[in-house]
Amino acid sequence: MTRRFEGKSVFITGAARGQGRSHAVQFAREGADVAISDICADVATVPYGLSSEDDLLQTVRLCEAEGAHVLSARVDVRDYDELSGFAAVAERELGKIDVLVANAGIFTFGALTELSSEQFGDMIDTNLKGTWHAVKAVVPGMARRGYGRVVIIGSSASLIGYPNVGHYVASKHAVLGLTRSLALEQAPNKITVNCVCPTGVHTTMLENEAAYALMSPENPTLEAALPVLASMNPLGEPWLEPEDVSRMVLFLASDEARYITGAEFKVDMGLTAP
Ligand SMILES: NC(=O)c1ccc[n+]([C@@H]2O[C@H](COP(=O)([O-])OP(=O)(O)OC[C@H]3O[C@@H](n4cnc5c(N)ncnc54)[C@H](O)[C@@H]3O)[C@@H](O)[C@H]2O)c1
């Protein structure tokens, strides 16, 4: 096992479970200290449960078991003051933040002509504004120190459209634009900024009845949804595991990727190749 992040501190949003937890544990395994946060509450427009405090505690335990110094907090990325307050604590307690992974996100469903203003607003406030909040809270410290790695979690929906999730697609296209612009702004400060664009990942975001109904409206079950997901990409697998995405995130955060910036990285089984 390589220890690429010995002496580094990593700040990850949405880390109580799913991909965020996987990223946190992999960074901890490779020597990093981590500052992890999550909303630990449900949101009315999201038709599946978000994380709990127990989920966040479980991520803390898993990272500590890898030997990491771990800070954790309940933070709603829609609230800049909460996020910047935790970033300030992390900078003070860990001495610096070297890596930001802007990961928190939601996935809700509906045709663009039918979405409510609340559904559209929560999507943009979480996936886009929440990402910007994390950047605004963490990147100025990186700039002062002249070092930083920012990894923004996009999606195959950063690159192509999908019906019935247009607000998600809009939010994920937008974070790719944010990635490119931030990379240009922060290059003089030796901060790299990249966007990871996964296809479907095996997490609660896809493993819930509302998502099954998106894939298979007549029969909204996991058994019916999996072949539909598998038919969407040339490799014919239904979804990635969170660790498949973590490997790309850690690469982009490592010194091996020191000259890579302003770019998007697909982990999508060829889905967007055609
Ligand atoms: N699962 C997929 O198929 C898939 C595919 C491509 C991209 N993504 C993206 O990957 C990222 C991680 O998603 P995941 O697959 O691990 O799903 P997930 O639902 O397991 O994890 C998302 C986490 O974000 C948290 N979160 C939601 N709203 C928040 C808020 N306002 N403030 C703080 N935390 C909040 C949730 O509580 C949850 O812990 C998201 O940005 C998602 O859009 C997911």
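This report looks at two pockets and one helix of a predicted model.

Local features need pLDDT of at least 70, side-chain atom pairs count only at pLDDT 80 or more, and totals for chains, interfaces and linings use all residues. Residues are numbered from 1 along each chain as its sequence is written, and side-chain values use heavy atoms, without hydrogens and water.

Let's start with the pockets (on a 1 Å grid over the protein atoms alone, open sets of points with protein on both sides within 12 Å along at least five of seven lines; lining residues have an atom within 4 Å of a point). A volume is the space filled by probe spheres set on the points, joined across faces, edges and corners.

| Pocket | Volume |
|---|---|
| Largest pocket | about 900 Å³ |
| Second largest pocket | about 200 Å³ |

The largest pocket is lined by 49 residues, and Ile106, Phe107, Tyr168, Thr203 and Met205 lie nearest its centre. Helix H1 gives the largest share of this lining, three residues. In the second largest pocket, the lining includes Arg149, Lys190 and Arg258.

Now for helix H8, residues 242-253 (helices are DSSP runs of H or I with at least four residues, strands E runs with at least two, numbered from the N terminus). H8 reaches 16 Å from first to last C-alpha, close to the 16 Å expected at 1.5 Å a residue, where the expected span is 1.5 Å times one less than the number of residues. Among the buried residues of H8 (under 20% relative accessible area, 1.4 Å probe, protein chains only) are Val245, Met248 and Leu252. The buried residues of H8 pack (heavy atoms within 4.5 Å) against helix H1 and strands E4, E5, E6 and E7.

Definitions and conventions: Buried < 20%, exposed > 50% of the residue type's maximum accessible area, 1.4 Å probe, protein only. 1 Å grid on protein atoms, 1.4 Å probe; cavity = no way out; pocket = protein on both sides within 12 Å on 5 of 7 lines; lining within 4 Å.
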